[in-house]
Amino acid sequence: MNKVNEILNEIGRAGRAEDGSYTRACYSPEYFEAVDITEKLMREYGMVTSRDAAGNLRGVLRGAGLGHKSIIIGSHLDTVPSGGLFDGAYGVAGGLEVVRKLKEEGRKLRHTLELYAFNAEESNPLGATFGSRAVTGLVSPEQPGLAEALKNYGHTVDEITACRRDFSDAKCYLELHIEQGDYLFNEGLKIGVVSGIVSVISYRVTAIGHSNHAGTTMMKNRHDAMVAMARLITEADKRCRAIDDTLVLTVGTIKCWPGSENVIPGKVECTFEMRHMEKSKTDELIKEIREIADSIDTVKFEIVNMINKGSVSCDAHLMDVIGAAAKEAGEKPVVMPSGAGHDANPMAHRVPIGMIFVPSKDGLSHCPEEWTEPQDTEAGAEVLYRTVLALDAED
Ligand SMILES: [Zn+2]
């Protein structure tokens, strides 16, 4: 049907380990190897390419029409350590397949088509989605430790702020990605039309009790911060499930003081991270967590908001166009939110965004087992192609 798998495997020559995992850390030689492969293909398919200090690669295919804004496609080429073939690279391969097919079919778009291969989308010392944040002007020069971290990669803060582009000439941003969850796979569906990217809201929760001797302090006299925290976590987990099916809560870190086998914990600190499309749901959860905390009287709880990244919505019109393109391609598209962050997140602050998901086998991602069936990756690329053609027919 199309060559997206061939292209994806070509990119996958970069950073592949013998155990079948892929590691392309930001600014690493493996990352730039993937950039080189991608740039070569962009040029072969007729794009004019450029790179920036944030490590991003951009390909431009000039449109035939005058006064039309750019249709932008993007995704990332970096990976987590020992990640899979698909996360990020699949979206770049899908964009390349669009350009290849246009050339093969001898079609000339009226709109200029751009393809970004972003750097540093995954967690890294510069902060996640660094490449797309640089392009959208969302890297704050005041970000703590930014200058030192950049120095390690041979760059300066000024070089990064200069990466910002003007999006007044952009019509929209499209991103094709694996779901990284198990919804499409379990439902036996191939195409997800993403409605938005969920929020990330995180609180530092501290339980303050009294440290004391583990042998001489009877149970009824204890102010054990660990036990109190354990109660709060299990209760919060229950409430989260009761509020909404798609509301998630994760307590992923825990610190304990003094942290000794024979001392009752006097202080325990955890992070409570919650995500949902609607603010009202996360607001409700934190309100209930505060109420549970108030009801536990052996310790005092402190709850401080640390991260408050709001959800972003995909553009309703782009969702319609993607849905129609999927039906035209013989698929049954389903509308769904994205539980993971993407380069589309910073982009949404500058242009209307649309995202297409394909299934992840068993919902696995960020691991070597990450897998999407070849016919599914082809279906996703086909939907992206048809979406671009449909958008090109508009103003
Ligand atoms: Zn990704």
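Trainee: In which helix do Lys 279 and Asp 283 both lie?

Mentor: In this predicted model, Lys 279 and Asp 283 are four residues apart, about one turn of the helix. Their closest N and O atoms are 2.8 Å apart, and the two residues form a salt bridge. The element that holds both residues is helix 9 (residues 279–295).

Trainee: Does Lys 279 count as buried or exposed?

Mentor: A residue is called exposed when its relative accessible area is over 50%. Asp 283, at 34%, counts as partly exposed. Lys 279 has 58% relative accessibility, so this residue counts as exposed.

Trainee: With which residue does Glu 291 form a salt bridge?

Mentor: The partner also lies in helix 9, four residues from Glu 291, about one turn of the helix. Glu 291 is partly exposed, with a relative accessible area of 42%, whereas its partner is exposed at 52%. The closest N and O atoms are 3.4 Å apart, and the partner is Lys 287.

Trainee: Which residues are joined into one network by salt bridges that share partners?

Mentor: Side chains of opposite charge can pair when their charged atoms come close. By the rule applied here, the count comes to 23 salt bridges. Those that share partners join into one network Asp 36, Glu 39, Arg 43 and Arg 51.

Trainee: How many residues apart in sequence are the parts that Lys 171 and Glu 394 tie together?

Mentor: Lys 171 forms a salt bridge with Glu 394, with the closest N and O atoms 2.9 Å apart. Lys 171 belongs to strand 5 (residues 170–178), while Glu 394 belongs to the segment after helix 12 (374–392), so the parts tied together are separated in sequence by 223 residues.

Trainee: Is Lys 171 buried or exposed?

Mentor: The cut-off for a buried residue is under 20% relative accessible area. Glu 394, at 22%, counts as partly exposed. Lys 171 has 18% relative accessibility, so this residue counts as buried.

Trainee: Which are the edge strands of the open sheet of four strands?

Mentor: The strand order is 9-11-7-12, with antiparallel pairing. An edge strand here pairs on one side only, and the two are strand 9 (248–257) and strand 12 (300–309).

Trainee: Which residue in strand 11 stands opposite Thr 206?

Mentor: Strand 7 (residues 200–208) and strand 11 (residues 267–275) run antiparallel and are joined by eight bridges. Opposite Thr 206 in strand 11 stands Glu 269.

Trainee: At about what angle to strand 11 does helix 9 run?

Mentor: Helix 8 (residues 225–243) packs on the sheet, and its direction makes about 10° with that of strand 11. Helix 9 lies across strand 7, strand 9, strand 11 and strand 12, and its angle to strand 11 is about 155°.

Note on methods:
Residues are numbered from 1 along each chain as its sequence is written. This is a predicted model: local features need pLDDT of at least 70, side-chain atom pairs count only at pLDDT 80 or more; totals for chains, interfaces and linings use all residues. Side-chain values use heavy atoms; hydrogens and water are left out. A salt bridge is a side-chain nitrogen of Lys or Arg within 4 Å of a carboxyl oxygen of Asp or Glu. Buried means under 20% relative accessible area, exposed over 50%, partly exposed in between (1.4 Å probe, protein chains only). Two strands pair if DSSP finds at least two bridges between them. Contact means heavy atoms within 4.5 Å. Axes are lines fitted to C-alpha atoms, for helices over the stretch in contact, and angles run from 0 to 180 degrees between N-to-C directions.
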